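Visitor: Hey, I'm new to this one. Can you put it up and walk me through the ligands?

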Amino acid sequence: MEIKKILPLKKFYRHSLKLPSSKSLTQRALICSALARGSSFIKNPLLSEDPLLLKSALEATGVIFEGKEEGFEVKGVEGFPRLNKSKLYLGNNGTGARFFLAYSALGKGDWIDLYGKERLHERPMSPLISALRSLSAKIDCLEQEGHFPVRVYEGNLRSERVSLPGYVSSQFISALLLIGPYLPLGLEIAIEGELFSKSYVDMTLEVMERFGVKVEVKSNLFYIPQGSFKASIYEVPADASSASYFLAIPLILGKGSIIIENFDYYTKQADSVFLELIKDFGGMVRPIDPIGVEVFFEGRPKAGSFNLRDCPDLFPTMAILGAVAEGRTVLYGAPHLRYKETDRIKAVATELSKIGVKVEELPDGLIIYGGDNFNPARIETYDDHRIAMAFAILALKAGPLEIENPDCVAKSFPNFWELFEQLYAEDPSDRL
Ligand SMILES: O=C(O)C1=C[C@@H](OP(=O)(O)O)[C@@H](O)[C@H](O)C1
Ligand SMILES: C=C(OP(=O)(O)O)C(=O)O
């Protein structure tokens, strides 16, 4: 197994960098442009594993992509994906798999099979499959009911009111919102109970509006009018979840400043809330005109209590901040972390314990007792990009740490290690 050994970073003053684009927004733009009539242009798409898997799956249903210098031109299928008996692989792309499943239920032709990594087959799909079946979709679960792999047949979807639980994954709701305009009378979606990861649903609504469809929202009800996406030009901004790793560095090291040159301080992505959370830890945050953000810090972060219900992907980054903070940090409100690339609560608890950080697992989060003495350790990453990236940043202070399977960052952040290694440029003795 490949391993990356990371030594503590001794010298750190000020560092600036540019980040790759948003994974969530790229995948939404892919679906909207794939369904649209005519040619759209996606500028600065994220070219990482997950969006590329979704792009290949869309190509197999008749969407035409033409690579240009700054992105792709996309010729859509006008609401009719072609199902041509192909078998499509979606890795462990939860967002892409759920969006594509709903998209393929609009299909014409024969059938297609969708499958992925073993972990994707374990992740919940049942609420989405049931909702699609209630709209008359024909979906067979090929191994276990309610899970991938699935076979999706041509079906004539009808408009019904669908109800979905809000606490498993917001991706089910986003997936249905994205196909809603293509049902004969549009679609009405009711959310049962609380909606977790709501900010991601807001991101879906925003991209749909950019492609010409406005959804009406009344508390827990969504009304999607019948219609179609308009071919559009969509530019994908820098990814807020990816930003969190580098923005955390001054707090992890207790000194210095980081500038992200292409990160929009005002972006409405779910994880942009990290800029506020940094302030709660005691960090200072400053927007840069016309675009960019700087975080600076001196001292030791203060522990706190944080509800991650709407920003679960920040959990690994928040946990490493808790590990160096003074006092007891409580991360709570996010039971859906157990359905991600791995059970992230268990994984982070196990790996922090290995380096000597005291933790207590909660059903919906973690209590972390911050320290300043860490043991060298080998970190298992569970094929989870966010665990690899968060522990790499923690190793800048708590190293040496060995990160297993470092290439798993390719899911969302293909040049993570290249940007990470540049942190050592000021001190050539600190080599990876
Ligand atoms: O819609 C999206 O792009 C995402 C929604 C979130 O998932 P859940 O809604 O399952 O929490 C998030 O964790 C995931 O990384 C991306
Ligand atoms: C949970 C994630 O992605 P997905 O659900 O799309 O696999 C993630 O990127 O942290």
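Guide: Sure. In ligand 1, an oxygen atom is 2.6 Å from an N or O atom in the side chain of K340, a polar contact, meaning a pair of N or O atoms within 3.5 Å. The protein covers 96% of the 390 Å² of accessible area that ligand 1 has on its own, with areas from the Shrake-Rupley method and a 1.4 Å probe.

Visitor: Is this model predicted, and how is stuff numbered?

Guide: This is a predicted model, where local features need pLDDT of at least 70, side-chain atom pairs count only at pLDDT 80 or more, and totals for chains, interfaces and linings use all residues. Residues are numbered from 1 along each chain as its sequence is written, chains are lettered from A and ligands numbered from 1 in the order written, and side-chain values use heavy atoms, leaving out hydrogens and water.

Visitor: Back to ligand 1: how many residues surround it?

Guide: 13 residues do, and R28, S169, S170, D313 and K340 are the closest; being near takes a heavy atom within 4 Å.

Visitor: How far is the polar side-chain atom of S170 from an oxygen atom of ligand 1?

Guide: That distance is 2.5 Å.

Visitor: Now ligand 2. Which residues come nearest?

Guide: K23, T95, R123, R386 and K411, out of 14 around ligand 2. A polar side-chain atom of K23 lies 2.8 Å from an oxygen atom of ligand 2.

Visitor: And how much of ligand 2 does the protein cover?

Guide: 99% of the 300 Å² of accessible area that ligand 2 has on its own.

Conventions
Polar contact = N/O pair within 3.5 Å; in protein donor to acceptor, adjacent residues only side chain to side chain.
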